[in-house]
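Here's a quick briefing to read alongside the structure. Take a look at the picture, then work through the points one topic at a time.

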Amino acid sequence: MPKANTTPLISFTNRGLYCSAGDFYIDPWRPVDKAVITHAHSDHAKNGNKQYLCHHFTKPLLEARLGNNHYQSIGWNEVVRINGVSISLHPAGHMIGSSQIRVSHQDEVWVVSGDYKTENDGISGAFEPIRCNTFITESTFGLPIYNWLPQHDMYTQIQQWVQNNKAKKTTSILFAYSLGKAQRLLQALAMFNEPIYLHGAIWNMQMALAATGIAFPQVERITPETLREKLKGAIVIAPPGAEGTSWMKKMEPYSTAVCSGWMQVRGNARRRNTDMGFALSDHADWKGLLAAITSTGAEKVFVTHGFQSALSRYLNEQGIWSAEVKTAYGNGEEENENANSATDAINTTITTQQ
Amino acid sequence: MQQFSLLVHTLGTATKTNEKLEALATYFTTAPTKDKVWVIALFSGRRPKRMASSGVLQQWCCALASIPDWLFLECYHTAGDLAETIALLLPPPTNTTHTHKHLHEYLEQIIDLQKADEAAKQAFVTQCWLQMNTDERFVFNKLLTGGFRIGVSQKMMVNALAKTMQIPASAIAHRISGNWNPATTTYENLLSAESVTTDFSKPYPFYLAYALEQTPETLGSPEEWQAEWKWDGIRGQLIKRNNELFVWSRGEELMTDKFPEYQALLDKLPNGIVLDGEIIPAINGKPLPFAILQTRIGRKNISKKQLQDAPIAFFAYDLLEHEAQDIRHLPLAQRRLLMENIIANAQHPTLQISPVIPFTNWQSLVQTRTQSRAMLAEGLMLKRKSAPYQVGRKVGDWWKWKIDALTIDAVLIYAQKGHGRRSNLYTDYTFAVKDGDKLVSFTKAYSGLTDKEFNEVDAFVKRNAIEKFGPVRTVKPELVFEIAFEGIAASNRHKSGVALRFPRMHRWRKDKKADEINTLQDLKNLLLTYGK
Ligand SMILES: [Zn+2]
Ligand SMILES: [Zn+2]
């Protein structure tokens with residue numbers, strides 16, 4: 001029996017995704033009382049909320065990024081009830097701790113994907129498709145030009161590049177976001193069996209991750225005292241903001257590479273004045289998005305965070321009801337190539353089209 | 001083909017000139033000779049005629065990838081390059097075990113199919129696509145669509161050839177210039193010394209001037225220098241050899257047929273000469289604005305009226321060959337004397353001499369320079385009287401001393417994503433001036449900002465987009481820029497009634513608010529003063 005058309009289970013407000021039946025927000029971008037957080041990236045987890053609910057692995061990262069707050073953490077598939085609404089977290093495969101949020105009330109189920117990746121990277125948890133009535137999906141790489149190589153092939157390319165640099169006694173500097181991409185690189189580079197040098201920003205996140213108990217290769221922090229000699233031919237991971245700064249001087253001679261899904265397009269790779277671009281992404285590619293959406297069996301799909309208009313139009317043409325939603329997501333980690341631009345001055349207009 | 005696709009990949013990603021040079025030299029040492037000829041041709045702007053339009057390639061790609069046209073266009077706007085968009089959209093290769101063909105074999109097939117029907121073309125292209133990986137597809141699509149602007153200049157290629165062949169770069173540059181067909185020319189013939197004497201049309205590489213950034217006093221004594229106007233036309237070489245006349249543009253395009261006026265000179269000039277000068281429209285030796293030349297470029301059939309209203313002349317300023325001898329090693333003063341003789345004997349309004357501006361001290365020249373716009377010149381040229389004619393851009397003997405650009409303050413109103421290197425950033429802008437309380441768009445500009453500034457404007461556009469029309473975003477009129485340009489002309493194709501020449505962003509006026517910009521009337525005043 002179709003229900004009377006009342007307020008939807010989740011609505012799009014100028015503070016974020018809001019569940020009125022449970023009176024909580026998901027990844028709000030303005031301070032609220034109760035926030036359920038998909039993952040620790042800065043465009044999804046903001047400061048100033050009274051209570052946070054997140055995955056066990058996300059908690060230490062939020063503590064490192066946002067300081068002391070009221071955090072409650074749960075495991076995947078564990079159900080919490082708030083005001084009669086059931087909430088559970090399910091692996092999203094995007095980064096350590098990243099979760100989709102399943103919200104169910106009476107006989108209706110909504111899933112908020114957060115950011116996700118369908119390929120299992122071995123550290124973020126395997127993306128779990130959840131059946132639901134309504135799916136709110138991201139679309140960072142929601143165009144068919146974005147199709148990733150399997151992780152194994154990408155890792156091989158990166159390893160070969162490092163190997164070539166070593167042969168030339170050149171330091172390999174890899175630019176990667178400190179949460180997510182940096183850890184995958186550590187995994188890809190473990191085979192060299194040598195300490196990997198980290199920029200301070202990545203080091204801090206790495207220390208916070210120790211609490212999750214996940215094993216990583218040996219790392220060393222680069223400090224003003226680190227000897228030049230040690231860095232010769234070594235492997236260095238730094239955040240994109242360090243690119244082109246005097247911080248790099250000590251590593252000369254070096255070769256640089258950016259690791260990001262945007263490197264799929266030559267123009268982007270060339271615009272960054274780096275020697276190499278590896279299209280290694282923490283988001284689903286076009287095929288991944290379509291597969292994930294289909295496997296939810298959802299009747300309605302809201303698209304946020306990226307190429308929402310293209311993906312949403314395509315879904316409608318494929319017979320899946322869809323609408324685009326403008327959110328403040330996507331101005332945070334991977335999407336933001338320009339480290340200086342203000343992440344807080346974001347567009348909060350909500351437009352849902354029929 | 002794999003070897004070539006690797007070369008293109010290296011040239012596209014290498015950040016250091018040396019690496020690119022190395023990659024080219026390696027290629028020229030190891031690649032099959034037939035392929036090498038084609039690479040020289042492609043990298044010097046000689047490419048086979050297109051066998052399929054962009055629209056048709058798009059259709060074939062959409063059919064293979066099973067995507068609608070609008071989605072293809074979204075992808076194209078994001079990737080910014082047609083060849084790359086197609087390469088990324090095609091489904092994975094189905095047949096990778098095929099025998100790999102050479103670059104020249106693909107090119108020969110492309111040429112063979114030019115006159116074939118569409119079905120045959122589609123079958124060929126589809127079959128090639130399904131055998132190739134993404135990098136090879138990209139390169140193959142570039143062959144189909146033409147245009148290999150991939151971060152390698154002709155000069156760099158010439159240097160690489162010079163290195164592998166152990167021949168001076170200037171000789172290589174001369175040998176690969178002019179009129180030759182890569183399908184019928186062998187590598188040995190192309191680069192042999194004899195080739196130059198058998199091709200009568202062959203121009204010399206142009207000597208290019210550097211911009212003078214300091215005061216002219218830094219050049220030393222005025223007697224050592226010759227001053228001329230810097231004409232606002234197309235740089236060209238006018239050649240008469242073997243009773244035939246050829247006109248080349250600096251872009252190494254043979255323009256003889258585009259400007260039938262020049263044929264009148266055939267009987268007036270001696271054989272075995274090459275003149276360097278400027279292609280400009282002029283009546284009785286008085287230059288007309290560049291905009292008039294533009295009405296002639298790209299037009300196949302020229303009407304009587306056009307020949308009357310915009311007759312093209314050649315303003316000669318140098319002589320590179322005399323009595324069939326290369327005289328580029330002679331000092332400018334001597335070449336000039338020989339040239340003046342030839343032009344005086346020809347006595348024809350189509351062939352003008354670019355006059356020498358007399359001056360005894362630098363200060364008087366500073367005065368003369370201020371009259372450039374009235375002369376329809378872009379400024380002055382300064383050339384050392386004792387210097388030989390060199391190859392390419394060399395510092396020291398030729399300087400261009402341009403007048404300051406015209407400027408106007410305007411507000412950014414539309415933005416669009418750039419292409420190629422800037423495909424994910426909003427870098428193509430449209431600007432407006434005030435007209436009462438309305439804004440009137442009057443020009444586009446794409447260049448002049450630093451990467452950092454482009455990033456800043458891009459972030460502004462993403463946050464302040466009001467409306468979208470396809471790829472275009474209307475933005476809040478807030479950012480003010482000083483737009484510099486070289487010339488202004490009346491135009492009924494533009495809402496504002498004016499068209500600018502070489503507009504670019506000179507400065508970001510963060511100190512100015514949108515209501516402090518210039519007005520439409522200011523633009524019209526500039527048009528009155530400079531736009532005749
Ligand atoms: Zn994220
Ligand atoms: Zn995100």
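What follows goes through each chain and then zooms in on a pair of strands.

Keep in mind that this is a predicted model. Chain A comes with eight helices and 19 strands, while chain B has 19 helices and 23 strands.

**Chain A: overall build**
- The radius of gyration of chain A is 21 Å, close to the 20 Å that the globule rule gives for 354 residues, so chain A is as compact as a globular protein of that length.
- If you follow the C-alpha trace of chain A along its principal axes, you get a span of about 70 × 45 × 35 Å.
- Of the 354 residues in chain A, 59% are buried.
- Take the contacts in chain A with a separation of 6 or more: 60% of them are between residues 24 or more positions apart.

**Chain A: surface and charge**
- Chain A has an accessible surface of about 13800 Å², and 49% of that belongs to carbon and sulfur atoms.
- You'll find 31 positive and 31 negative side chains in chain A, with the centres of the two sets 4 Å apart.

**Chain B: overall build**
- For chain B, the radius of gyration is 26 Å, and the globule rule gives 24 Å for 532 residues; the two values are close, so chain B is as compact as a globular protein of that length.
- The C-alpha trace of chain B spans about 75 × 70 × 50 Å along its principal axes.
- Buried residues account for 53% of the 532 residues in chain B.
- When you look at contacts in chain B between residues at least 6 apart in sequence, 70% join residues at least 24 apart.

**Chain B: surface and charge**
- About 24200 Å² of chain B is exposed, with carbon and sulfur atoms supplying 51% of it.
- Chain B carries 66 positive and 56 negative side chains, and the centres of those two sets lie 2 Å apart.

**Zooming in: a hairpin in chain A**
- Strand 7 of chain A covers residues 79-82 and has two faces: V80(A) and I82(A) sit on the covered one, whereas V79(A) and R81(A) sit on the uncovered one.
- Its partner is strand 8 of chain A (residues 85-91); the two run antiparallel and are joined by four bridges.
- I82(A), from the covered face of strand 7, stands opposite V85(A) in strand 8 of chain A.
- Strands 7 and 8 of chain A make a hairpin with two residues between them.
- In that turn, N83(A) has a positive phi of about 50°.

Conventions: Residues are numbered from 1 along each chain as its sequence is written. Chains are lettered from A and ligands numbered from 1 in the order in which they are written. This is a predicted model: local features need pLDDT of at least 70, side-chain atom pairs count only at pLDDT 80 or more; totals for chains, interfaces and linings use all residues. Side-chain values use heavy atoms; hydrogens and water are left out. The radius of gyration is taken over C-alpha atoms; the globule rule is 2.2 Å times the number of residues to the power 0.38. Buried means under 20% relative accessible area, exposed over 50%, partly exposed in between (1.4 Å probe, protein chains only). Contact means heavy atoms within 4.5 Å. Accessible areas come from the Shrake-Rupley method with a 1.4 Å probe; for residues, only the protein chains shown count as cover. Lys and Arg count as positive and Asp and Glu as negative; His and the chain ends are not counted. The place of a charge is taken as NZ of Lys, CZ of Arg, CG of Asp or CD of Glu. Two strands pair if DSSP finds at least two bridges between them.
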